[in-house]
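Here's a quick walk through one structure, written for someone who likes to check coordinates alongside the prose. Have a look at it first, then read on.

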Amino acid sequence: MIEFADVTRNYGPKTAVSGFSLAIPSGELFALLGPNGAGKTTTIKMLVCLLRPSRGAVRVCGFDMVKDPRNAHLHIGYVPDDPNLYDKLTGREFLWFIAEMFGMQQQHAMQRIGEVIDNFELADFADDLTESYSLGMKQRLVFASSLLHDPDVLVLDEPMVGLDPRSVRIVKDLLRKLTHQGMTVFMSTHTLAMAEEMADRVGIMVRGQLRFLGTVEELRQQMDKQATNLEQLYLELTAPQAMATGPTLSPARPDAP
Amino acid sequence: MHSPSITPVATTSSVAGTPPASRRLPSVEAESRLLFGLRARLALAALKTMLAQARLRLTLVILLSALFWGSLYGLFYEGFAFLNSLHAEIISLLFNGFFSSLLLMLVFSNAILMYSGLYCSPESRLLITLPARPEAVFFHKFQESFWFSSWGFILLGSPMLVAYGVVRNAPWTYFLLLLPFMVAFVVIPATLGGMLCMATVACVPRLRMHALAIAITASTAGAIWLGWTALASARADSLSPIWFEQTMSRLAITEQKFFPSWWLASGLIESASGKTALEGESGALMESLRFLALLASNGLMLQLLAGWLAARIYRLGFSQLSAEVTARRPLRISWFDRMLTQAGTAAGRPLRILIVKDLRLFRRDIAQWSQFVIFFGLLGLYFLNIRSFTYNNSYATMIGFLNLAVVGLILSTFTTRFVFPMISLEGRRFWILNLLPVHRDQIVWSKFLFSCVGGTLPCCGLVLLSDMMLGIRWPVVAIHEICCLVLCMGLSGIAVGMGALLPDLRETSPSKISSGFGGTLALVLSSLFIMAVVLLAAVPTHLYLSELGAATEGTRRSDLVGWAGSLEGVWAGVAAVVVLGLVATLLPLFLGLRHFRHLEA
């Protein structure tokens with residue numbers, strides 16, 4: 001479903017992402033972790049076509065993000081870390097706009113809008129202007145809009161920011177069910193507990209490169225720390241000394257595209 | 001706990017190229033209708049909000065626009081009536097000069113607006129991640145920049161063109177065609193600006209701002225040189241027939257048949273000429289319609305080109321711009337900040353640190369200081385050009401006071417736009433200020449000192465320049481400088497005081513803060529203050545300098561007018577200005593300080 005083929009992205013003289021290769025099949029929840037400045041946001045931006053790779057290719061459902069972004073976008077739902085909405089539209093009007101941009105039939109759009117409003121408990125404020133929404137309400141609305149068109153791939157950048165515990169639970173349950181039904185979820189997060197709980201595989205990025213790729217259990221085995229949680233493993237792997245002296249475990253196996 | 005029933009994901013297809021029935025790429029027409037509908041909905045919602053929450057501002061805007069339009073109409077009517085006997089050549093030159101300079105300005109203003117809309121707005125980021133055509137996004141943002149840039153032309157140009165039609169006894173068709181002509185004309189530079197913006201961002205991303213700045217500077221310098229050589233002459237030759245002929249011949253460079261400005265000017269002149277199609281194929285109406293068709297067809301062709309370009313380079317430019325490395329800020333100027341912080345007593349140091357902080361924010365915000373430079377630079381250019389004409393003493397003094405009022409009005413737009421929101425903009429950082437060992441009064445006083453000192457230097461300098469160019473005597477210069485100082489203090493006091501009295505700590509946009517009730521009220525009070533100061537000083541001074549006051553001291557009138565025109569009247573006027581200035585400075589500050597001390601963020 002998602003495919004990064006030896007992707008590199010430069011910002012002037014600096015390389016933000018280097019030789020990134022990854023394949024995520026359908027039904028998998030993948031969590032991308034890493035310290036600030038590791039290249040996670042750059043990777044996500046390339047996945048949703050906000051950035052073009054300097055080298056390599058990014059494909060979603062077989063569509064190249066550079067050559068055929070519009071068809072690729074039909075299969076993607078995206079929740080950014082900083083939800084920006086139209087202040088002077090109501091939540092419902094925003095959902096309609098998104099539905100129509102994805103070419104949804106009116107009847108189907110009406111049905112789906114009703115469903116996502118229920119799922120995300122937006123009914124109390126769906127008809128208020130979004131300028132009056134709190135951060136959590138905006139985040140829930142953006143989440144709802146990303147699922148309107150039943151995407152094959154859901155891209156989440158720090159999805160839990162601003163959500164209250166109830167909303168967090170709703171999102172977690174939703175993600176479990178969606179991946180069970182075949183959706184691919186690509187998530188960037190700093191919430192390691194959530195990644196450990198939810199992710200089928202994790203990738204740990206450091207300085208633009210994938211230092212580890214696999215399950216949390218594989219990480220424990222490679223670092224020979226059986227009873228340690230992901231947070232401890234992550235902190236050891238991304239410690240400044242570890243980053244300076246190079247990887248202490250076998251490099252992430254690049255997924256064959 | 002509520003367990004949401006999650007709707008099963010609809011039939012998804014893992015085969016590339018076959019999206020399910022629930023989603024399809026919208027057609028070009030459907031996409032355009034959708035984005036146009038979005039624009040209409042947003043505009044309607046904004047209008048409703050304005051009617052509900054900003055009635056004062058809306059009323060003021062309508063009234064002042066009507067007043068402005070009416071004043072301009074009267075001015076142009078008198079001008080065209082005066083020129084009527086010289087009609088053909090003069091009007092054509094004036095129209096061509098005006099429209100060609102407008103053409104250039106609109107290209108660059110639209111380029112800047114499109115840059116902001118296409119590459120820097122959250123909306124464009126959202127649309128890029130949706131299956132929207134790049135050209136559809138371009139046209140969506142183009143509509144916005146088109147209206148932003150063209151309203152000024154329509155507000156300024158319509159009274160001029162209506163007055164021309166009335167003076168020329170133009171047929172009703174002329175007035176009917178005015179709006180189509182203006183719209184068809186503006187589309188051309190607006191589209192060119194959009195294309196220039198996309199091409200610059202995509203093809204020279206690293207140098208985009210420098211390229212644009214160089215182009216704008218070169219064009220502005222060229223226009224200034226053209227204007228300067230057109231108007232510059234020995235003082236003795238000003239307004240003579242020879243000077244007039246030379247000036248007109250210099251403007252002839254704008255009469256180029258491939259310029260859209262020439263098409264517009266020619267079409268309007270033909271349309272106003274009064275001949276109808278009934279008088280044959282060369283009827284003026286048909287001729288003007290041909291020019292309108294020329295404008296419209298070229299505008300539409302450029303729109304097609306722009307769409308073609310957007311489809312190819314908009315996403316590329318967006319990606320390249322997102323990858324731009326921010327330039328390192330030069331540290332050269334930090335010595336000034338350090339010197340400012342360390343100068344003076346230890347007790348005043350927190351105040352100076354706050355001022356330095358605001359100074360850094362000001363000079364790092366290009367939107368603020370560039371407008372400052374442009375407006376005051378243009379004023380300076382106008383003042384430098386004053387010596388082209390000769391004046392008698394009292395006429396020069398009157399112009400001096402008018403120039404003082406203009407400087408004050410420009411300053412008031414800056415204090416309302418940038419100084420008034422300063423307290424409100426601390427809103428999101430209020431937690432920092434609250435935790436510091438700084439009294440809230442010091443925060444307000446730091447804004448006042450920053451505004452007052454920052455405004456006094458350029459304003460007093462400009463007023464001095466104006467007086468030197470006009471050859472005004474030093475006592476009147478002193479009166480002007482006192483008035484200018486009072487204006488700077490009073491306008492700063494009004495802006496800062498009202499900003500502390502009516503803050504909006506939740507809003508992050510300075511333009512929204514200044515366009516609210518508090519900002520509008522501050523603008524109105526500032527305007528009234530400027531008028532009062534100028535009138536209090538100007539009337540006695542003018543009366544004194546005219547024969548009533550100066551030459552006939554022995555036979556002076558014994559009434560109020562006579563007293564006002566005496567030396568005592570002049571000093572009384574100055575004293576009244578100073579008192580008014582103190583009231584305008586201290587009263588709003590006092591009220592603002594009292595409110596701000598107890599404000600909860």
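What follows covers the chain contact, the nonpolar cores, a group of paired strands and one exposed side chain.

Keep in mind that this is a predicted model.

**Where the chains meet**

Let's start with the contact between the two chains. Chain A puts in 45 residues and chain B puts in 37 residues. On the chain B side, helix H1 (28-53), helix H4 (122-128) and helix H10 (284-322) each supply at least two residues of the side that touches chain A. H1(B) has the largest share there, with seven residues. What sort of residues make up the side of chain B that touches chain A? They divide into 23 nonpolar, nine polar and five charged.

**The cores**

Next, the buried nonpolar residues. The largest nonpolar core has 146 residues, and Val155(A) and Val185(A) are the ones with the most contacts inside it. From chain B, helix H6 (residues 172-203) gives the most to this core, namely 17 residues. Going back to Val155(A), its contacts include Ile44(A), Leu47(A) and Val48(A), and also Ile76(A), Tyr78(A) and Phe186(A), if you leave out residues up to four places away in sequence. There's another core apart from the largest one: it has 58 residues, and Ile355(B), Leu379(B), Ala495(B) and Ala522(B) are among them.

**Strands around E9(A)**

Now over to chain A and strand E9 (residues 201-206), which is mostly covered, with five of its six residues buried. E9(A) pairs with two strands, as the table shows.

| Partner of E9(A) | Bridges | Direction | Opposite residues |
|---|---|---|---|
| E3(A), residues 29-33 | four bridges | parallel | Phe30(A) and Arg201(A) |
| E10(A), residues 209-214 | five bridges | antiparallel | Ile204(A) and Phe212(A) |

The E10(A) pairing is also a hairpin: two residues sit between E9(A) and E10(A), and Arg207(A) in the turn has a positive phi of about 50°.

**One exposed glutamate**

Finally, a residue of helix H2 (residues 55-83) of chain B: Glu78(B). Is Glu78(B) buried or exposed? Glu78(B) is exposed, because there are 12 other C-beta atoms within 10 Å, and a residue counts as exposed at 12 or fewer. In sequence, Glu78(B) and Val167(B) are 89 residues apart, yet their C-alpha atoms are 8.9 Å apart in space.

How values were computed: Residues are numbered from 1 along each chain as its sequence is written. Chains are lettered from A and ligands numbered from 1 in the order in which they are written. This is a predicted model: local features need pLDDT of at least 70, side-chain atom pairs count only at pLDDT 80 or more; totals for chains, interfaces and linings use all residues. Two residues are in contact if their C-beta atoms, placed from the backbone, lie within 7 Å. Ala, Val, Leu, Ile, Met, Phe, Trp, Tyr, Cys and Pro count as nonpolar, Asp, Glu, Lys and Arg as charged, and the others, Gly among them, as polar. A nonpolar core is a set of buried Ala, Val, Leu, Ile, Met, Phe, Trp, Tyr and Cys residues joined through C-beta atoms within 7 Å. A residue is buried if 20 or more other C-beta atoms lie within 10 Å of its own, exposed if 12 or fewer, and partly exposed in between; C-beta atoms are placed from the backbone. Two strands pair if DSSP finds at least two bridges between them.
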